[in-house]
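Please walk through this protein chain with the sequence and the model side by side. The text goes from ring contacts to the chain as a whole and then to its strands.

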Amino acid sequence: MKANLRLLRFSVPVFLVTIMMASAVLAGASSAALPLSSVSTNGPRINQVNYEYFTSDHSGYLSLSAGSVNQLEYGLLAADASSAATASNLNVTDVRGFTFYQFGLNELVKPTNSVYFRRALQDLINYNAMESQAFQGVAGVASSSLYSSLYGAYYDSSIPVSTQNYTAAIDNLKLVPGVHYNPNGGKTGTWTWSNGTQLVPQLYYRADDPVRTAAAQLLYEEASQINLTINLQTITSPQSDAIVYSITNKWEMYTGGWIDNGLPNFPYSFFNSAFNGTFLNYVSFNNNTMNAATDALFFASNTSAAIKAAYTVQQVFAQQVPYIQIGYSNIINAILLTGWQGYALIPGYGSGWVAGLWYTLMNVHPSTSATGGTFNEETHNNAVALGVNPTTGNDDYVTSADVWDEVYDTALLFPLASENVTSIGPWLASYKITPFSGTTPNGLHIPKGQEITLNLDHNITFQDNVPLNASDVNFTLWYENFNGKGSYGTALYAGSLPGLVATQVTGPYQINIFINDTSMWDIYSLAANIFPEHIWQYIPTSVADQVNPLESLPAQSKLNITNAPASVNDLPFLLVGSGPFILKSYDGTTGTVTLVRNPSYFKTAWWLWPGASPWNVSAGGTTTLSMNVTQLANVAGDYAPISNASSVKAEIMQGNTVLATVKLSHVSGNTYSASYNVPSSWAAGSYEVVYNATYTAAGIGREQLMFGSLNVAPSHTTPTSPTSPTSPTSPTSPTSPTSPTSPTSPTSPTTTTTHSNNTLLIVGVVIVVIIIIAVAGFVLARRR
């Protein structure tokens, strides 16, 4: 979504936020795309989102051009770009990204465990041809560099890039242990093992990816120029899981790729031998100098130390060639112009995933109305078949993350206007980092570490109306970091904060986190989705990756978790988050997923949703404040009526100031209402109305929030249409926690007079509206 640390697979890794200039504009910006200054963090404006799976990216494009879908999740194929650029109903742009491709070489087998062999192959590559053919001149920049220039100060431009050199390739190949060269065996000689058998290294490539197919073919052709034969073999994504990423000696070379992010510390997971045996360091690279450099990078306490370490990592990479880097791809984004406005062209690290799609779904709306409508998104993978549960081993795929990132929210997020890849800011919470040495509240001694304090906003609830508070953050931290371990991917953030030694919940909305190191990257591990403790506390961590009701429904209607109360077992799915959308339905055959708007989302664009009747009222006039109290009931997105609320009230607000608190009385069923005389002294304009109903269900105190607007016109004049107000914003300093003014009682989570971040605007300069946002994550890698 916005800021999540995830392992993500390059069948399509992951975390990031930085604004980038478009590398090219294939078609001019349109009125359907928002001016950058108008991309809002408040929403959503639409009622429903449909994810539709297509068996190929090309078929998805055809559906887009026909007007059946609004946007492509994963972007256009280069082959479709020119056609799309001339289509009158589409807007097409491309932007440099953090996705990169490489030839992975297995260090567990010969000859790929030899640095001389790896250097020889790199010497064969013509990067100009790779750019024009594999990337087709528009889909990326071919280069042997580990980082691209998008990493700013962390990119070492002094390291020479590789150029094609057949002589050097031959000389390096001669140095490979066990390889014999016969100079009279052909135009450049023949290559055999010492026992006389021909040297024929095998290369698996993903034929479903045009970039990887072309790259494999180019390497094959260049190798033939020195009389080296490469055995090309196609492989599917499931096969790559079983053969390549399972860390075996059954393969030699593979056309890998990663959707990476703007955080430059990703080499720690890829090249540090501590990760041997995992799908991140799937080539099993082991080098002591690289270990020391990646350790220094990952545990750097300041920017200068991190940059110095990053330079060393790049130098070792160029010398040892653990991967043969092919290059970084561009993202070619296409949107349907007809009938829609509010696209946020923020492609993210490799698709609309996380950044672009998430902000589009917060802002997009039909051209004929400010709210409503159903938005159709083409998806690159079948979300249901891959699993949508965020703790399963399939959480690394784009579509799965797209779905549950809309359902779950995160505490922290990169500031959208930041060009600094090491920036991070508030979303559900603000934070403060303090150096810490001493004894933690649980009695553990930290010689040199840090204390991170999170202060949560007070008006956030999960989608079943249970307030989200510091206990949920605390639960998620410990559940994910230490307990939810198993097969790869199990417990998305398992081990993502290795220095975590203690936490202290000091109130409903504050938690102190004690870390036994001073790494500047630790804060990004807190940009993780928050799970509801009242549900997940009953899910045994030993079987967390087996609890995937989206794959078992509708055959099973309940979770049937041992010792769980009925309030949990009656839930037909686990995806009860606090995000802007609620999971409504899915189709296990077609892969279609439907989300509906969360009307209680704390960042609702309240000025777009009428909250009183009449919505327009003159100062001195009377309006009716009314609320239907309901609770999310089932996977179909239905709501159960609540007729026994203990307190229902409406607060009329201007900014963070409560102008009036009105108690609503029970009318009938689940309807509560009251009349209110608007003071004649009130100035004309839009006022926020915050509805708050408290009640108890299944033994849990709950709070339903609804956010709407009241448009006040001057006395004795005809009411006018409301205009978007200037709403309060959250503190911009990520190191200074928000000091909430209410609720005043730390034991009462029902008062909602703090409504931060109502109209945060993204500020920056870009060609069209294109930025790349590095949504934070700890392990920065998503496999393609």
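**Rings, strands and burial**

R597 sits over the face of W609, 3.6 Å from the ring centre. The model is a predicted one, and the distances and angles given here are computed from it. A second charge over a ring is that of K603, which lies over the face of W427 at 4.4 Å from the ring centre.

Rings also pair with one another. Searching the whole structure gives 39 aromatic pairs. One of them joins W258 and Y282, with 6.3 Å from centre to centre and 45° between the planes, and is classed as tilted. Angles under 30 degrees would count as stacked and angles over 60 as edge-to-face, so an angle between these limits gives the tilted class. The pair connects distant parts of the chain, 24 residues apart: W258 belongs to strand β10 (residues 253-259), while Y282 is in the loop between α8 (267-271) and α9 (288-298). Both W258 and Y282 are buried.

Another pair is made by W606 and W607. Their ring centres are 5.5 Å apart and their planes stand at 85°, so this pair is edge-to-face. Are these two residues buried or exposed? W606 has 3% relative accessibility and therefore counts as buried. W607 has a relative accessible area of 7% and is buried too. The cut-off for buried is under 20% relative accessible area.

What of the chain as a whole? The protein chain has 784 residues, and 62% of them count as buried. About 26100 Å² of the protein chain is exposed, and carbon and sulfur atoms supply 50% of that area. The secondary structure of the protein chain consists of 17 helices and 33 strands.

Strand β10, which holds W258, also pairs with β4, in the antiparallel sense and over seven bridges. Within this pairing, G104 has Y254 of β10 as its bridge partner. Strand β4 (residues 90-105) is mostly covered, with 15 of its 16 residues buried. β4 also pairs with strand β11 (residues 323-336), again antiparallel, over twelve bridges. There, R96 is opposite N330 in β11.

A parallel pairing is found between strand β8 (residues 202-206) and strand β9 (residues 231-235), with five bridges. Y204 has Q233 in β9 as its bridge partner. Together with helix α6 (residues 210-224), β8 and β9 form a β-α-β unit, and the unit is right-handed.

Further along the chain is an open sheet of four strands. Their order is β17-β18-β20-β19, and the pairing is antiparallel. Which strands stand at the edges? They are β17 (429-439) and β19 (500-507); each has a single partner strand, so one side of each is left without a neighbour in the sheet. On average, and with direction ignored, neighbouring strands of this sheet are turned by 20° against each other. For the edge strand β19, the pairing with strand β20 (residues 510-515) is antiparallel and runs over six bridges. In that pairing, the bridge partner of T503 is I513 of β20.

How values were computed: Residues numbered from 1 in each chain as written. Predicted model: local features only at pLDDT ≥ 70, side-chain atom pairs only at ≥ 80, totals over all residues. Heavy atoms only, no water. Phe/Tyr/Trp six-rings, centres within 6.5 Å; stacked < 30°, edge-to-face > 60°. Helix = DSSP H or I, 4+ residues; strand = E, 2+ residues; numbered from the N terminus. Buried < 20%, exposed > 50% of the residue type's maximum accessible area, 1.4 Å probe, protein only. Lys NZ or Arg CZ within 6 Å of the ring centre and 35° of its normal. Areas by Shrake-Rupley, 256 points an atom, 1.4 Å probe, with all protein chains shown as cover. Pairing = 2+ DSSP bridges. Axes fitted to C-alpha atoms, helices over the stretch in contact; angles between N-to-C directions. Right-handed = clockwise from strand over helix to strand, strands pointing away.
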